[in-house]
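Please examine the sequence and the three-dimensional structure shown below. The paragraphs that follow lead through selected parts of it.

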Amino acid sequence: MVLNDSNFVRQIEAWGGRYLADQPLSEYTSLGVGGPADLIVLKQLDALDPVVEGLRQRGIPWGLLGGGTNVLPVDEPFRKVFLQLAPGSGGLVFDGRRMHVPAAASLGRTVMECAKRNLGGMEGLVGVPGSVGGALRMNAGAYGTQIGPLVRSVTVFRGATGRREERAADAIGFTYRHSSFAPDDIMLAVTLELVERPFREILEQVKGYNEKRRRSQPVKEKSAGCIFKNPPGLSTGRLIDELGMKGERVGGAVISDRHANFIVNRHQATASDIFRLMEIIRERIRKAHGIELEEEVIVWRN
Ligand code: EPU
């Protein structure tokens, strides 16, 4: 337990938040790994300001726990508090081709809400798990679509200053699986610009992508998506597959037989199992191709 201050906990509750001590992060991540950490779940975005200020005054480090779908936390207990913004219900506002969405909203559900209003352009992203904010931070992409180019503006809570600011798209850098947001920037809401497209057309394409994804990725297993980035012009999955590594395992961590750039948690894997398997893959790729693989998943250390 990091937050040993009952007065502060009472204040958090008065602001509509919930303090949960020693939560196993393995229950909050799609990969199903990660050691214990303290969480503060906030239902109201207004509570963010006093909570972060309270943590700063007490010298308690904090991080943001989003959808937990692209992260790999270590097994050791965390010495920081994780903040989680509850997604809330609804909250999507449409204005012509523009849509304003809370960052904590589910990406997949948002794509479908747009589709219902005959707005497309995000079809490729429908099967990407996680929140809109997480997708933005990673500039998530699939099937030729990346979220970055659709962004018009983002409301950000700057951890560094405790201030909110509206950032226009041209002040944000998006590259392959990367954005220019600082690690302690918390995205609160996003405005995206979509394209007009009939619902039926969007649905057809979404169905096609879903099918493709089900065939080529282990969607029903615990994973964090692709574990390494693709080197320019290459598919890491194909490179690992060509080395015959599908099915290789360390403890409960296994290289998926459906897509070799996915490590799946099949038998209560620990983060250490995953790290060891990643190192084995790195070493083999280094030897075979002289390529240094870069992590795509975000590793959380203390
Ligand atoms: N391939 C193999 N064996 C494998 C995996 C792939 O031979 O085990 C071959 C495929 O047959 C295909 C080629 O490699 O010919 C490319 O495969 P795929 O279409 O699956 O694309 P990818 O480059 O491996 C990228 C993204 C995925 C995204 C897909 C679809 C990265 C690291 N990966 O994978 O994103 O879903 O394209 O657009 O950029 C993620 O971000 O977590 C992720 C999974």
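In which strand is the place of Gln84? This residue belongs to strand β5, which comprises residues 81-85. The model under discussion is a predicted one. Within it, the side chain of Gln84 reaches the backbone oxygen of Gly66 at 3.3 Å. If residues up to four places away in sequence are left aside, Gln84 touches Tyr28, Ile40, Val41, Leu42, Leu65 and Gly66. Gly66 therefore appears both in this list of contacts, where a contact means heavy atoms within 4.5 Å, and as the residue whose backbone oxygen is reached by the side chain of Gln84.

We turn next to a sheet. Five strands make up an open sheet, and their order is β6-β7-β15-β11-β12. The pairing in this sheet is antiparallel. At its edges are β6 (93-95) and β12 (163-168), each of which pairs on one side only. On average, neighbouring strands of the sheet are turned by 20° against each other, with direction ignored.

Two strands of this sheet may be followed in detail. Strand β11 (residues 151-158) and strand β15 (residues 185-193) run antiparallel and are joined by 7 bridges. One example of a bridge partner is Met187 in β15, which is matched with Val156. Helix α2, formed by residues 48-57, packs on the sheet and touches β11, β12 and β15. The direction of helix α2 makes about 45° with that of β11.

A second sheet can be described in a similar manner. It is open, with 3 strands in the order β17-β18-β19, and the pairing is antiparallel. Because β17 (249-250) and β19 (263-265) stand at the edges with a single partner strand each, one side of each is left without a neighbour in the sheet. The antiparallel pairing of β17 with strand β18 (residues 253-255) extends over 2 bridges. Here Arg249 has Val254 in β18 as its bridge partner. Helix α7 (residues 271-289) lies across β17, β18 and β19, and runs at about 30° to β18.

The last subject is the ligand. There are 20 residues around the ligand, and Tyr176, Cys226, Asn230, Arg238 and Asp241 come nearest. By class, the shell consists of 7 nonpolar, 7 polar and 6 charged residues. Helix α6 (residues 236-242) gives the most to this shell, namely 3 residues.

Which atoms of the protein lie close to oxygen atoms of the ligand? For Asn230, a polar side-chain atom lies 2.7 Å from an oxygen atom of the ligand. For Ser235, an N or O atom in the side chain is 3.0 Å from a ligand oxygen atom. For Ala260, by contrast, a backbone N or O atom is involved, 2.8 Å from an oxygen atom of the ligand. Of the 820 Å² of accessible area that the ligand has on its own, the protein covers 73%.

Key: Residues numbered from 1 in each chain as written. Predicted model: local features only at pLDDT ≥ 70, side-chain atom pairs only at ≥ 80, totals over all residues. Heavy atoms only, no water. Pairing = 2+ DSSP bridges. Helix = DSSP H or I, 4+ residues; strand = E, 2+ residues; numbered from the N terminus. Axes fitted to C-alpha atoms, helices over the stretch in contact; angles between N-to-C directions. Near = heavy atom within 4 Å. Polar contact = N/O pair within 3.5 Å; in protein donor to acceptor, adjacent residues only side chain to side chain. Areas by Shrake-Rupley, 256 points an atom, 1.4 Å probe, with all protein chains shown as cover. Nonpolar A, V, L, I, M, F, W, Y, C, P; charged D, E, K, R; others polar.
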